[in-house]
Amino acid sequence: MTFVYQIYPISYYDSNNDGIGDLRGIIQKIPYIKSLGVDYIWLTPIFTSPMNDNGYDIENYYEINSMFGTKEDLIELINVAKKHNLKVMLDMVFNHTSTNHPWFKKFLAGDENYQDFYITKQSKNIPTNWVSKFGGPAWFEYEPQKWYLHLFDKTQADLNWENPKVIAELKKVVRYYIDLGVKGFRFDVINLISKNEFKDDFDGDGRKYYTNGPKVHEYLKEIVKEFANETDFLTVGELSSTDICNAQKFANSKNDELNSVFTFHHLKVDYVESNDKFIYQKPNILLLNKILQTWQEQMQETNSTLANFFNNHDQPRSVSRFIDEKYYLQGSKMLFALQSTLKGITYIYQGEEIGMLNPNFEKKEQYRDVETLNYMNKHNYEQATKGIKQKSRDNSRTPMQWNGNKFAGFSQNTPWIEVASNYKKLNVELQEKDNNSTLSFYRKFIEFCNSDVVLTNGKIKFEPYQEQIISFKRFTNSSSYLCVFSFSDQSCDYFIDGKVIYSNYDIISNKLQPYQFLIIKK
Ligand code: TEU
Ligand code: CA
């Protein structure tokens, strides 16, 4: 099996005590990362950037942001990782660049070579009624009656992939990093790159016109040619609001597109009713089961690979989201067992391996994320607090909790975002000493999965849903497991038919304990 560890560098480990995590900090932690048993590390963007969207607004693809370090630091990181048998993946943000990028500046200055680099329109009124993913209109009027498209922040201008020069430039970027020794890429919102119908959306926010556009697979295949012959190479595409049919193509087994894909339907189970993620809602487990089943079984049919995850830098902490925090120890183990026994590649987001929780920020001033700040500007904070606390992207961006010292051992100086106040109880150092901790469980479970043929190669088939219980079979021709996951905070009756080979509880009875999981050999 393949396990990938995602690092959000700004919050991982600060080696020079300026309050900002950096590449040399990651280098120091490589032995720790390797001790988890993972195969790859994925770093979210580390390139020069004004940091309006924490690096997803890239100013220069070839330069390392000085707050993170230098090109030499990156090379050293790749080499140290390699010595530990770890491969490094970088994050390629190719749907847009920062408006500070020289291409954009040349475009604005009227340079002929750059007039077709971005998606621009001339019109008296706003070209379409599309809504930016961070709120507000998706077009910016940079000169009277001239507009550029920005599906995200207004400082993130959408590139025009219709222009072959853009594709040629982006191919150079991937080549440059492959030559440095990088062994994979994560492609940011890669299914949004093809846009050709610029129409008003009367019953939506415009996504139907720019998601999985007509040339998206053609464009991607062109980029992928650049690393078709690389070995041990792993790519994952982030797919925004995708359908299964397109996801199957992106992650097909011919390897002419991507090796795997992230989709988000399973993490919208706590905002289906309102369609506004900042309105507080409890997750709907019935729906979670249905989405996991549909995606797992249908991707399997075409031999397409899913990237399985419950956490990343855009999502609240999964334990706070799905588990009553009273049971965080058992719950964190159950969630990891679920995501690793599904078929596909398992992604672990920093801090998840110690069961980090949402920080529960009380004050407006504690938040940093552009999406959250935009939302706060438009809504009454007192009324929206509960939802913001539950869903803000800052929930996962607080510093990694290394130990019980000041600032959780992340830095000796005030970090760029506050440390969650629970760090004295919840940190790596304590969990290293505890054989029953979430951290110890992650290590053991990864080893177990890697050594198990059924989990590595077996097929998957879901069982009928029972109140708060998700279960499925993993099986080969010769063996079969029933994997059972309780999302209930109560114990409930459950008849075990077979031998339990793994659980997060010592108690095995005819009752499932709160958040118990079982792997049962038939
Ligand atoms: O995210 C894309 C995306 O659509 C979301 O996960 C996004 O955070 C969410 O819709 C907001 O509600 C990617 C990156 O992971 C994210 O950090 C960037 O902000 C975004 O692209 C723009 O590059
Ligand atoms: Ca630093």
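A polar contact here is a pair of N or O atoms within 3.5 Å. Keep that cut-off in mind as you click around this predicted model, and let's begin at ligand 1.

**Stop 1: ligand 1.** Select Lys 277 together with ligand 1: a side-chain N or O atom of Lys 277 sits 3.2 Å from an oxygen atom of the ligand. Now add His 96, where the gap between a side-chain N or O atom and a ligand oxygen is 2.9 Å. Arg 393 also joins in, with a polar side-chain atom 2.8 Å from an oxygen atom of ligand 1. To see the whole surroundings, show the 16 residues around ligand 1. The closest are Asp 53, Asp 188, Asp 314, Glu 371 and Arg 393.

**Stop 2: the calcium ion.** Jump to ligand 2. Which residues coordinate the calcium ion? Pick out Asp 14, Asn 16, Asp 18, Ile 20 and Asp 22, at 2.2 to 2.3 Å. Ile 20 takes part through its O atom, while Asn 16 uses OD1. Along the chain, the donors follow the spacing D-x1-N-x1-D-x1-I-x1-D. Two of these residues, Ile 20 and Asp 22, are both buried.

**Stop 3: Ser 11.** Next, select Ser 11, in the loop between β1 (3-7) and α1. Is Ser 11 buried or exposed? It counts as buried, because its relative accessibility is 0%. Show its contacts beyond four places in sequence and you'll get Gln 350, Arg 397, Thr 398, Pro 399, Met 400, Phe 410 and Trp 416.

**Stop 4: helix α2.** Select residues 71-83 and look at the helix from the side. Its 13 residues should span 18 Å at 1.5 Å a residue, and the end C-alpha atoms are 19 Å apart, so the two agree. At the start of the helix, a side-chain oxygen of Thr 70 comes within 3.3 Å of the backbone nitrogen of Glu 72. After the helix comes Asn 85, with a positive phi near 65°.

Now colour the buried residues of α2: Asp 73, Leu 74, Leu 77, Ile 78, Val 80 and Ala 81. An α-helix has 3.6 residues a turn, so residues three or four places apart point the same way. What do the buried residues of α2 pack against? Show α1 (23-36), β2 (40-43), β4 (60-64), β5 (87-92) and α4 to find out.

**Stop 5: the cores.** Nonpolar side chains tend to be buried together in soluble globular proteins. Here the largest nonpolar core has 148 residues. Those with the most contacts inside this core are Tyr 5, Tyr 32, Leu 90, Tyr 177, Phe 185 and Tyr 347. Helix α4 (residues 164-180) gives the core its largest share, eight residues. There is also a second, separate core of 14 residues, including Ile 119, Phe 134, Trp 147 and Val 189. Back in the largest core, zoom in on Tyr 347: among the residues it touches are Trp 42, Met 89, Leu 234, Phe 262 and Phe 309.

**Stop 6: Ser 132.** Go to the loop between β7 (120-122) and β8 (139-143), where you'll find Ser 132. This serine counts as buried, because its relative accessibility is 5%. Its side chain reaches the backbone oxygen of Phe 152 at 3.1 Å. His 150 is 18 residues away along the chain, but the C-alpha atoms of Ser 132 and His 150 are separated by 6.8 Å.

**Last stop: Lys 290.** Finish on helix α8 (residues 285-301), which holds Lys 290. With a relative accessible area of 55%, Lys 290 is exposed. Its C-alpha atom and that of Ile 470 are separated by 9.4 Å, with the two residues 180 apart along the chain.

Note on methods. Residues numbered from 1 in each chain as written. Chains lettered and ligands numbered in written order. Predicted model: local features only at pLDDT ≥ 70, side-chain atom pairs only at ≥ 80, totals over all residues. Heavy atoms only, no water. Core = buried A, V, L, I, M, F, W, Y, C linked by side-chain atoms within 4.5 Å. Buried < 20%, exposed > 50% of the residue type's maximum accessible area, 1.4 Å probe, protein only. Helix = DSSP H or I, 4+ residues; strand = E, 2+ residues; numbered from the N terminus. Contact = heavy atoms within 4.5 Å. Donors = N, O, S within 2.8 Å, 3.2 Å for Na, K, Ca; no water. Expected span 1.5 Å × (residues − 1). Polar contact = N/O pair within 3.5 Å; in protein donor to acceptor, adjacent residues only side chain to side chain. Near = heavy atom within 4 Å.
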